[in-house]
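I opened this notebook to keep track of what I looked up in one protein model. The entries follow the order in which I checked things.

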Amino acid sequence: MPKITKKILESGLKQWTMLDVKVSSRTSEEVLEIINSCLDNKEKFYIVTTNPEIISRAKDDWLLKKSIHRSRLSIPIEKGVSSAFNYLFKLDINIHNNNDLFWNIIKILDKRGLRVCLVGDDDSFLESRALGVNKNFKNLVFRSYKAPKYNKRVQPETQVYRKLHKSVLVKVKIFEPDY
């Protein structure tokens, strides 16, 4: 387990690993500032949102872990991540309201006519996001992909879901910026 020392905390470091999976601790304003800075500098990047299930999945899935580690930011969106960090490291991290942050990011990307790739396991969530984006934002390219359902051991539940798991990661990889 990584040791979080007083010196590290005072250095302003805002990124750690949990179960060897990257987690960033930034305010919503900092996230939007980083996105704007990357765009202004024409950097290719992507961000991910992490919750306890994603972190648990990624620890045993090298491709998912690699995708998270290559992201510019890995933004925690559920209290479970914060609780775990507090328990393990006695450290509070920023947890985001996924809905507010999502729409603020979409506004930035729409102004610049860029691409968005959203992966989730809730059909109604994906549909509502796609409808909202397609109805209100005309300058960006939006793709959403359904993620598979996972069992308690964080493995795809069926053979169909195992194939879906691999195909979604490949689609995201194709959509991801080249480095």
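**Entry 1. Order of elements.** I read the elements of the protein chain from the N terminus on, and they run α-β-β-α-β-α-α-β-α-α-β-α-β-α. That comes to eight helices and six strands. I note here that the model is predicted.

**Entry 2. Whole-chain totals.** I looked up burial and found that 41% of the 179 residues of the protein chain count as buried. The accessible surface comes to about 10,900 Å², and 52% of it belongs to carbon and sulfur atoms. I then took the contacts between residues at least 6 apart in sequence: 67% of them join residues at least 24 apart.

**Entry 3. The largest nonpolar core.** Which residues have the most contacts inside the largest nonpolar core? I listed V31, I35, I105, I106, V133, L140 and F142, in a core of 23 residues. Two or more residues each come from helix 2 (28-40), strand 4 (73-76), helix 6 (98-112), strand 5 (115-120) and helix 7 (123-136). Another core lies apart from it; this one has 15 residues, among them M18, Y46, I68 and L169.

I followed two members of the 23-residue core further. With neighbours within four places in sequence left aside, I106 is in contact with V116, V133, F137 and L140. F142 sits in strand 6, residues 141-146. Is F142 buried or exposed? F142 has 10% relative accessibility, and the cut-off for buried is under 20%, so F142 counts as buried. Not counting residues up to four places away in sequence, I found F142 touching F102, V116, L118, R129, A130, V133 and N134. V116 and V133 are thus on the contact list of I106 and on that of F142. For R129 I also took the C-alpha to C-alpha distance to F142, which is 9.6 Å across 13 residues of sequence.

**Entry 4. Strand 4 at S74.** I placed S74 in strand 4. Its relative accessibility is 0%, so S74 counts as buried. Which residues does S74 contact, leaving aside its neighbours within four places in sequence? I wrote down K22, V23, S24, V48, T50 and I68. Of these, I68 is listed among the residues of the 15-residue core. I also checked S25: it is 49 residues from S74 along the chain, and their C-alpha atoms are separated by 8.3 Å.

**Entry 5. Strand 3 at T49.** T49 belongs to strand 3, residues 47-50. I found a relative accessible area of 34% for T49, which lies between the 20% and 50% cut-offs, so T49 is partly exposed. From T49 to L73 the C-alpha atoms are 8.1 Å apart, with their positions 24 residues apart in sequence.

**Entry 6. Positive phi.** I looked at two residues that have a positive phi although neither is a glycine: D20 at about 65° and K42 at about 55°. D20 is in the loop between strand 1 (15-18) and strand 2 (21-24). K42 is in the loop between helix 2 and strand 3. At 46% relative accessibility, D20 counts as partly exposed. K42 has 74%, and exposed means over 50%, so K42 counts as exposed.

**Entry 7. The second largest pocket.** I took the space in the second largest pocket as about 210 Å³. It is lined by 13 residues, and D61, Q155, P156, H165 and K166 are the closest to its centre. Which element gives the largest share of the lining? Helix 8 does, with five residues. Helix 3 (52-60) and helix 8 (159-175) each supply at least two. By type, I noted six nonpolar, two polar and five charged residues in the lining.

**Entry 8. Helix 8 at V160.** While on helix 8 I looked up V160, which is found there. V160 has a relative accessible area of 62%, over the 50% cut-off, and is therefore exposed. K149 is eleven residues from V160 along the chain, and their C-alpha atoms are separated by 10.0 Å.

Definitions and conventions. Residues numbered from 1 in each chain as written. Predicted model: local features only at pLDDT ≥ 70, side-chain atom pairs only at ≥ 80, totals over all residues. Heavy atoms only, no water. 1 Å grid on protein atoms, 1.4 Å probe; cavity = no way out; pocket = protein on both sides within 12 Å on 5 of 7 lines; lining within 4 Å. Points joined across faces, edges and corners; volume = space filled by probe spheres on them. Helix = DSSP H or I, 4+ residues; strand = E, 2+ residues; numbered from the N terminus. Nonpolar A, V, L, I, M, F, W, Y, C, P; charged D, E, K, R; others polar. Core = buried A, V, L, I, M, F, W, Y, C linked by side-chain atoms within 4.5 Å. Buried < 20%, exposed > 50% of the residue type's maximum accessible area, 1.4 Å probe, protein only. Contact = heavy atoms within 4.5 Å. Areas by Shrake-Rupley, 256 points an atom, 1.4 Å probe, with all protein chains shown as cover.
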